[in-house]
Amino acid sequence: MKKKVIILGSTGSVGRQTLDVIQDEKEHFQVVALTGGNNLKLLREQTERFSPLAVALANEKRAKELRKCLKGTVIYGGEEGITQLVKSLPADLVVSCISGKAALIPTLEAIRSGKDVALANKESMVIAGDILMKEATKRGVNLIPVDSEQSAIFQCLEGHKVEDVKMVYLTASGGPFWNWKGNFKDILPEQAIAHPRWKMGPKVSLDSANLVNKALEVIETSHFFNVEVERIKILIHPQALVHSLVEFVDGSILAQMGVTDMRLPIHYALNYPRREGNSLPSLRLTEVGKISFEPPDFQRFPALKLGYWAGKEGGTLPAVFNAANEVAGGAFLDNRITFPQITHLIEMVMKEHKVIPDPSLDEILKADRWARQRTCKLMEIF
């Protein structure tokens, strides 16, 4: 029997790669629903290719246009429409790869409706990790990470107890500016999104350039695997072949390696708990050459210390960290602020925030709204 799959964010980078994997393994999967943001043309093409029962566009106006050109497919519109799609359609697995905070509510609703979730969106776990994990445990739902680092940790921990973990090591390629000799103020958006190793969308590529992405992953890792941030370390690994490592109390270290291709963790998540063969290229160890690890530079990349601060403090601070980053990062991509001002703004907003410990979902969303508004306001002084 084919596994029924809903893909949230099918028009984004990870969503497109997920459909590529499914196309190669179509005898095992049935796409029952797809959602996108604004890309009507691509969503229409995907619908014609995979024949889902329903699709949704977050942009209500574009959804109305889609209804005119797609017959025989249920079309949902707006954020509420995406949530309704997730709740109403039968599926064995929901792949959540919407970018940013927008994935939180649909992901939460997928869990509450009893569907397993393959999570490619780290922001949901950063913002409301405690809530997501409690809901998944309560409903007996599997949460399978898709990010290469989280997937690596997940695989290394198979058959092991978290209490036996001494340290978790998150690897980072360092992005395009790890050895940058110029002034960070001169960095242009097109330079920041040109990642040297991974093919990703503009937001994730930018977050990788200033290591905000790795800061977010520290918080995500803490929630996903119930590990204190003090037991999470970052290693700069330019070759991007070792996707993360777990050290146990007896000194043993397990690492997960593979080609630098997001389709590998996507394939693993889609087939979990089984391991299936695929057509993806294998890592040829005799051709790897040098594998190196370096400590991170907290001075040149201050987002790292902000991530550890947010992860250790907890409460509503991770949501504020994420929200300020989404606004400031978007402003940089629009050429309204400089590259260093992204993390400067994040820090300013975090310092002003009054943290609420053990927050409700409403309190988290309120903190998110406040942080976005405050970031916009502070940008006026630059």
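**Exercise 1.** In which loop does Ser 292 lie? Establish also whether Ser 292 counts as buried or exposed, and identify its contacts beyond neighbours within four places in sequence.

*Solution.* The model under study is predicted.
- Step 1: Ser 292 belongs to the loop that runs between α11 (263–271) and α12 (303–313).
- Step 2: Buried means under 20% relative accessible area. Ser 292 has 15% relative accessibility and therefore counts as buried.
- Step 3: With neighbours within four places in sequence set aside, the contacts of Ser 292 are Ile 236, His 237, Pro 238 and Gln 239.

**Exercise 2.** Describe how helices α9 and α10 are arranged, and which residues form their contact.

*Solution.*
- Step 1: Two packed helices are described by the angle and the distance between their axes.
- Step 2: The axes of α9 (residues 202–209) and α10 (residues 212–225) come within 5 Å and cross at roughly 90 degrees.
- Step 3: Angles of 65 to 115 degrees count as roughly perpendicular, and α9 and α10 are therefore roughly perpendicular to each other.
- Step 4: Helix α9 contributes Val 204, Asp 207 and Ser 208 to the contact, while α10 contributes Val 212, Asn 213 and Leu 216.
- Step 5: By class, this contact comprises 3 nonpolar, 2 polar and 1 charged residues.

**Exercise 3.** Characterise the largest nonpolar core.

*Solution.*
- Step 1: This core has 123 residues, and those with the most contacts inside it are Ile 6, Leu 85, Leu 270, Phe 321 and Phe 339.
- Step 2: Helix α13 (residues 317–333) gives the most to the core, with 10 residues.
- Step 3: Leaving aside neighbours within four places in sequence, Ile 6 is in contact with residues including Val 32, Leu 85, Leu 93 and Lys 115.
- Step 4: Another core, of 5 residues, lies apart from it; Tyr 169 and Leu 235 are among them.

Notes: Residues are numbered from 1 along each chain as its sequence is written. This is a predicted model: local features need pLDDT of at least 70, side-chain atom pairs count only at pLDDT 80 or more; totals for chains, interfaces and linings use all residues. Side-chain values use heavy atoms; hydrogens and water are left out. Helices (H or I, at least four residues) and strands (E, at least two) are DSSP runs, numbered from the N terminus. Buried means under 20% relative accessible area, exposed over 50%, partly exposed in between (1.4 Å probe, protein chains only). Contact means heavy atoms within 4.5 Å. Axes are lines fitted to C-alpha atoms, for helices over the stretch in contact, and angles run from 0 to 180 degrees between N-to-C directions. Angles under 35 degrees count as roughly parallel, over 145 as roughly antiparallel, 65 to 115 as roughly perpendicular and the rest as oblique. Ala, Val, Leu, Ile, Met, Phe, Trp, Tyr, Cys and Pro count as nonpolar, Asp, Glu, Lys and Arg as charged, and the others, Gly among them, as polar. A nonpolar core is a set of buried Ala, Val, Leu, Ile, Met, Phe, Trp, Tyr and Cys residues joined through side-chain atoms within 4.5 Å.
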